Amino acid sequence: MLDWFNIALIALIVGIVVAIVYSLRKTMAQIKASGVSGEDARQLAKRIRERQVKCPRCERISYALLGTGNQWKCKVCNQEFEGPDHLPPS
Ligand SMILES: [Zn+2]
């Protein structure tokens, strides 16, 4: 039997999943808009996520803020900055 706590927990999880899916879809849409499609776009999105970009302030590895175009955020000092091009020359 579900009580309010469980319902709130499920709502929270669903909200997080929706937010992740939404930002991924937005990133995929941006890649597709640039003329790459299907499996290529998937590979490219994977490469973007796995790419290691260093923070300009503390030189630690940062992560891409998906769905924001080309913004990156540092894991350590929370610095947000413009990253390298999302579409590297092949
Ligand atoms: Zn940093």
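These are my notebook entries on a predicted model of a protein chain, taken from the overall layout down to single residues.

**Entry 1: overall layout**

I began with the secondary structure, and for the protein chain I counted two helices and four strands. Reading along the sequence, I noted the pattern α-α-β-β-β-β, so that I could keep the order in mind while looking at the parts. I then looked up burial, and found that 8% of the 90 residues of the protein chain count as buried. For contacts with a separation of 6 or more, I noted that 19% join residues 24 or more positions apart.

**Entry 2: confidence**

Since the model is predicted, I looked up the confidence before going further. The pLDDT of the protein chain averages 82, and 89% of the residues score at least 70. Among the elements, I found the highest confidence in helix H1, at 90, and the lowest in helix H2 (residues 38-50), at a mean of 76.

**Entry 3: helix H1**

I turned next to H1, which runs over residues 4-33 and has 30 residues. From its first C-alpha to its last I read a reach of 43 Å, which is close to the 44 Å expected at 1.5 Å a residue. How many of the 30 residues of H1 are buried? The count is two, and I therefore wrote down that H1 is hardly covered, bearing in mind that a buried residue needs 20 or more other C-beta atoms within 10 Å of its own. After H1 comes Gly35, and for this residue I noted a positive phi, near 105°.

**Entry 4: the sheet**

I then traced the four strands, which form an open sheet in the order S1-S2-S3-S4, with antiparallel pairing. Strand S1 (53-54) and strand S4 (80-82) stand at the edges, and because each has a single partner strand, one side of each is left without a neighbour in the sheet. I reminded myself that strands of a sheet pair through backbone hydrogen bonds, either parallel or antiparallel.

Going through the pairs in turn, I found that S1 and strand S2 (residues 61-64) are antiparallel over two bridges. In this pair Val53 stands opposite Ser62, and Lys54 has Ile61 as its bridge partner. S2 and S3 are also antiparallel, over three bridges; here I noted Ser62 opposite Cys74 and Ala64 with Trp72 as its bridge partner. Ser62 thus appears in my notes with Val53 of the S1 pairing and with Cys74 in S3. S3 and S4 pair in the antiparallel sense over three bridges, and Trp72 stands opposite Phe81 in S4.

**Entry 5: the two faces of S3**

Which residues of strand S3 (residues 71-74) point to the buried side? I found Trp72 and Cys74 pointing to one face and buried, while Gln71 and Lys73 point to the other face and are not buried. This fits what I had noted in general, that in a regular strand the side chains alternate between the two faces of the sheet.

**Entry 6: the hairpins and their turns**

I looked at the connection between S1 and S2 and recorded a hairpin with six residues between the strands. Glu59 is in this loop, and its phi is near 70°, a positive value in a residue other than glycine. Is Glu59 buried or exposed? Glu59 counts as exposed, because it has 10 C-beta neighbours inside 10 Å and the cut-off for exposed is 12 or fewer.

Pro56 lies in the loop between S1 and S2 as well, and with 12 other C-beta atoms within 10 Å I entered Pro56 as exposed. I also checked Pro56 against Glu80: the two are 24 residues apart in sequence, and their C-alpha atoms are 9.4 Å apart in space.

The hairpin of S2 and S3 has six residues between its strands, and in its turn I found Gly67 with a positive phi of about 85°. The hairpin of S3 and S4 has five residues between its strands. Asn78 lies in that loop, and its phi is positive, about 65°, although Asn78 is not a glycine. I closed the entry with its surroundings: 10 C-beta neighbours inside 10 Å, so Asn78 counts as exposed.

Conventions
Residues numbered from 1 in each chain as written. Predicted model: local features only at pLDDT ≥ 70, side-chain atom pairs only at ≥ 80, totals over all residues. Pairing = 2+ DSSP bridges. Contact = placed C-beta atoms within 7 Å. Expected span 1.5 Å × (residues − 1). pLDDT = per-residue confidence, 0-100.
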